[in-house]
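Biologist: Before I accept any label on this model, I would like to see the value behind each one set against its cut-off. Could we go through them in turn?

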Amino acid sequence: LETYAGAGDPCMKSGIAIHYYRCGSSMRDKSFYNADGDFLIVPQEGALDVQTEMGWLYVSPGEICVVQRGIAFAVHVSGASRGYVCELYGGHFQLPDLGPIGANGLANPRDFQTPVAAYERREGAFRKQFKFGGRLFECELRHSPFDVVAWHGNYAPYKYNLSHYVAMNSVTVDHPDPSIFTVLTCPTNEPGVAALDFVIFPPRWMVAEHTFRPPYFHRNLMSEWMGLIGGVYDAKEGGGFVPGGASLHSCMTPHGPDSTTTKAASEATLEPVRYPDGAIAFMFESTYVFKVTPHALRSKELQAEYFECWQDIKDTFVPPKKE
């Protein structure tokens with residue numbers, strides 16, 4: 001687990017952290033729990049068989065899972081795997097308010113799955129690791145930590161298949177704010193901004209007329225950490241943003257589609273277009289200002305030339321003639 005960015009302090013139960021994970025072998029006779037917050041896990045390559053105190057969750061790329069604060073778990077894999085993790089220090093994830101959408105849409109409650117109790121009675125030498133106050137600790141047990149016979153209540157890990165997401169979009173002109181694609185959120189006390197919005201850009205139909213269909217150029221209050229699970233992101237068709245990669249657009253930093261996408265979208269015939277299955281990007285969006293870790297800044301994959309993707313965009317505005 002490598003930390004790439006974050007904000008806040010787990011001891012104050014306020015803030016988030018963004019991690020990447022790589023896993024090549026299973027956690028045998030080991031377990032882990034996080035006392036600092038909830039984990040939102042987004043596999044990008046390789047499935048995870050997550051054993052928790054409440055039971056098992058099998059999570060493939062294209063699915064997510066949430067393991068809450070204090071719940072012990074172990075990850076089992078059948079090969080190399082990698083993905084993204086967002087750690088939420090304060091509060092818990094919840095479904096966004098649907099407002100005028102009504103009763104159904106976006107991520108429907110019926111599509112979330114929780115584990116069935118799976119009692120494990122084993123004795124031996126077991127290592128239990130845990131994160132507390134930003135530090136790692138370890139103890140030894142003489143029995144498996146996954147010995148819960150049964151459980152009840154609503155404080156339990158869960159998974160969600162992103163293909164079940166009911167996307168909303170414009171069927172006339174323009175397009176709504178990306179918050180319309182929110183899967184899970186953790187609101188703050190300030191109306192309109194969140195500690196974290198987990199937003200996806202799934203396969204969908206684009207039908208808006210008289211519209212520049214890719215995400216428009218903008219600055220915003222939120223920090224945007226984007227990742228790509230598979231396919232090509234519709235705002236970065238010129239390359240450079242690949243599955244397993246990420247980008248950060250900080251508070252009030254201008255950004256938008258690259259020059260290849262801008263040119264193609266400006267000249268395209270606006271017919272109904274379906275973004276292909278398997279192409280799915282996501283965003284960890286937060287009101288907090290992210291600080292990037294020294295580890296991330298030293299990464300050999302860091303794109304120092306990222307800004308060049310906008311340099312070839314032409315000024316196409318034609319001012320009206322003066323009478």
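Modeller: Let us begin with the exposure classes: a residue is buried under 20% relative accessible area, exposed over 50%, and partly exposed in between. Please keep in mind throughout that this is a predicted model.

Biologist: Why is Arg-122 called partly exposed?

Modeller: The relative accessible area of Arg-122 is 38%, so the residue is classed as partly exposed, given that this class lies between 20% and 50%. Asp-29 is partly exposed for the corresponding reason, because its value is 35%.

Biologist: What makes Arg-122 and Asp-29 a salt bridge?

Modeller: Their side chains meet with N to O at 3.1 Å, and because the criterion asks for a side-chain nitrogen of Lys or Arg within 4 Å of a carboxyl oxygen of Asp or Glu, the pair qualifies. Arg-122 sits in the loop between β10 (112–113) and β11 (123–132), whereas Asp-29 sits in the loop between β2 (14–23) and β3 (30–34), so that this pair, 93 residues apart, links distant parts of the chain. Glu-120 joins these two residues in a network of salt bridges, and a search of the whole structure finds 10 salt bridges.

Biologist: What makes Glu-63 and Lys-159 a salt bridge, and are the two residues buried or exposed?

Modeller: The closest N and O atoms of Glu-63 and Lys-159 are 3.0 Å apart, which satisfies the cut-off of 4 Å. Both residues are buried, and the pair links distant parts of the chain, with Glu-63 in strand β7 (residues 63–67) and Lys-159 in strand β13 (residues 158–161), 96 residues apart.

Biologist: How do you know that Lys-263 and Glu-267 are exposed?

Modeller: Lys-263 has 52% relative accessibility and therefore counts as exposed, and Glu-267 is exposed because its relative accessible area is 55%, the class being reserved for values over 50%. These two residues also form a salt bridge, with their closest N and O atoms 3.2 Å apart, and both lie in helix α1 (residues 259–267), 4 residues apart, about one turn of the helix.

Biologist: Why is Thr-262, which lies in helix α1 as well, called buried?

Modeller: The relative accessible area of Thr-262 is 11%, so the residue is buried, the limit for that class being under 20%. Leaving aside neighbours within four places in sequence, Thr-262 is in contact with Phe-212, Phe-217, Pro-257 and Ile-313.

Biologist: Why is the pair of Tyr-84 and Phe-282 called edge-to-face?

Modeller: The ring centres are 4.8 Å apart and the planes stand at 75°, so the pair is edge-to-face, because centres must lie within 6.5 Å and planes over 60 degrees apart receive that name. Tyr-84 belongs to strand β9 (residues 81–88) and Phe-282 to strand β20 (residues 280–286), 198 residues apart, and the pair thus links distant parts of the chain. Both Tyr-84 and Phe-282 are buried, and they form one aromatic cluster with Tyr-4, Tyr-20, Phe-198 and Phe-284.

Biologist: Which residues have the most contacts inside the largest nonpolar core?

Modeller: They are Leu-40, Val-42, Leu-184, Phe-198 and Phe-284, in a core of 46 residues. Strand β15 (residues 194–201) gives the most to this core, with 6 residues. A second, separate core has 22 residues, including Leu-48, Val-50, Val-67 and Val-77.

Biologist: What makes the phi of Lys-13 worth a remark?

Modeller: Most residues other than glycine have a negative phi. Lys-13 has a positive phi, near 50°, and lies in the loop between β1 (2–9) and β2. At 54% relative accessibility, Lys-13 also counts as exposed. His-210 likewise has a positive phi, of about 50°, although it is not a glycine, and this residue lies in the loop between β16 (205–206) and β17 (223–230).

Biologist: How do you know that His-210 is exposed?

Modeller: His-210 has 74% relative accessibility and so counts as exposed, since the threshold is over 50%.

Technical notes:
Residues numbered from 1 in each chain as written. Predicted model: local features only at pLDDT ≥ 70, side-chain atom pairs only at ≥ 80, totals over all residues. Heavy atoms only, no water. Core = buried A, V, L, I, M, F, W, Y, C linked by side-chain atoms within 4.5 Å. Buried < 20%, exposed > 50% of the residue type's maximum accessible area, 1.4 Å probe, protein only. Helix = DSSP H or I, 4+ residues; strand = E, 2+ residues; numbered from the N terminus. Phe/Tyr/Trp six-rings, centres within 6.5 Å; stacked < 30°, edge-to-face > 60°. Contact = heavy atoms within 4.5 Å.
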